[in-house]
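Biologist: I'd like to learn how to read a protein model, one feature at a time. Could you walk me through this one?

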Amino acid sequence: MITIISGTNREGSYTLRLSEYYQRQLTAKGYDADLLSLTDLPHHLIGTDLYGQRSEAFQPIQDKVSLTSKFLFIFPEYNGGFPGILKTFVDACKFPESFYGKKAALVGLSSGKYGNVRGVDHFTGICHYVNMHVLPLRIHIPAIHKELDENGDLFKEDTIRFTNQQIDQFIAF
C-alpha cells in the first residue's frame, strides 16, 4: 500500500495541492495511493498520542501507517527545515514497527528559491534513523506558487519530467 503524507497541517496549502497531484499521477499509472493530510491529525495529538499512548482518534491513522509499505512524504520549508507537525506525526506513530524496513520518497517545496533542500536532507536523516529506505531521487520544487496551475497540475516541462521520473522510480522501488 502506498500512502502520500501531506506534511503540514496548514489548511489550503500548496503541499496538499501537490500531494493531490502526485496521487492523480499514481492513479493514472494504475496505482492506488491513499492521501493522509496532517490537517486530519487529532488536535489533541501532543497530549494524547506521544510516548506510547494511543487515542481512539489517532488509531485509524496508526492502522493506515501500519499497513503502508511505501510512503511518499511531501512537505514545505518552514524556517529552513520541515514542519514540526511532521516530526510530531512520526513521533506519535508506533516505534519501530510503523516505518522499520519500509520505503519512502521525499518531495520538498518552498515559496523561495531552494525547494526545501535543508528540510529534505534533515528529514532523510530521520527516515534513516527509523530504518526507512529512502529513494535516492529526492525532488525539490522552489517557488511552488509558480508551478501549479488553476487545476492543481504542474505545468513546467522540467518539473513534470523530474516528478515523473521520481514517480516511476518510486513505483519500481
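Modeller: Happily! Let's start with arginine 24, which counts as partly exposed because its relative accessibility is 35%. Bear in mind that this is a predicted model.

Biologist: Which residue forms a salt bridge with arginine 24?

Modeller: The general idea comes first: side chains of opposite charge can pair when their charged atoms come close. Here the partner is aspartate 153, with the closest N and O atoms 2.8 Å apart. Aspartate 153 is also partly exposed, at 23% relative accessibility. Arginine 24 sits in helix α1 and aspartate 153 in the loop between β6 and α6, so the salt bridge ties together parts that are 129 residues apart in sequence.

Biologist: How many salt bridges are there?

Modeller: The count comes to 6. One of them joins aspartate 91 and lysine 87, at 2.7 Å from N to O. Those two are 4 residues apart in helix α4, so about one helical turn separates them. Another pairs aspartate 49 with arginine 54, at 3.2 Å between the closest N and O atoms.

Biologist: Is aspartate 49 buried or exposed?

Modeller: Aspartate 49 counts as buried, at 0% relative accessibility, whereas arginine 54 is partly exposed at 27%.

Biologist: Now the interior, please. Which residues touch the most other members of the largest nonpolar core?

Modeller: In soluble globular proteins, nonpolar side chains tend to be buried together. In this model the largest nonpolar core has 29 residues, and Phe73, Leu86, Phe89, Phe99 and Phe123 touch the most other members. Two or more residues each come from α3, β3, α4, β4 and α5, with α4 giving the largest share, 5 residues. Apart from this core lies another, of 21 residues, including Ile2 and Leu135.

Biologist: And what does phenylalanine 89 touch?

Modeller: Beyond its neighbours up to four places away in sequence, phenylalanine 89 touches Ile5, Leu36, Leu38, Leu41, Phe58, Ile61, Val65 and Phe99.

Biologist: What about empty space? Which residues lie nearest the centre of the largest pocket?

Modeller: Rolling a probe the size of a water molecule over the atoms shows where empty space is left. The largest pocket holds about 230 Å³ of space. Its lining has 13 residues, with Arg10, Tyr14, Pro76, Leu109 and Ser111 nearest the centre. By class, the lining has 5 nonpolar, 6 polar and 2 charged residues.

Biologist: Where does asparagine 116 lie?

Modeller: Asparagine 116 is in the loop between β4 and α5, and it is buried, with a relative accessible area of 1%. Among its contacts beyond four places in sequence are Pro76, Leu109 and His140.

Notes
Residues are numbered from 1 along each chain as its sequence is written. This is a predicted model: local features need pLDDT of at least 70, side-chain atom pairs count only at pLDDT 80 or more; totals for chains, interfaces and linings use all residues. Side-chain values use heavy atoms; hydrogens and water are left out. On a 1 Å grid over the protein atoms alone, a cavity is a set of points where a 1.4 Å probe fits but cannot get out, and a pocket is an open set with protein on both sides within 12 Å along at least five of seven lines; lining residues have an atom within 4 Å of a point. Grid points are joined across faces, edges and corners, and a volume is the space filled by probe spheres set on the points. Ala, Val, Leu, Ile, Met, Phe, Trp, Tyr, Cys and Pro count as nonpolar, Asp, Glu, Lys and Arg as charged, and the others, Gly among them, as polar. Buried means under 20% relative accessible area, exposed over 50%, partly exposed in between (1.4 Å probe, protein chains only). Contact means heavy atoms within 4.5 Å. A nonpolar core is a set of buried Ala, Val, Leu, Ile, Met, Phe, Trp, Tyr and Cys residues joined through side-chain atoms within 4.5 Å. A salt bridge is a side-chain nitrogen of Lys or Arg within 4 Å of a carboxyl oxygen of Asp or Glu.
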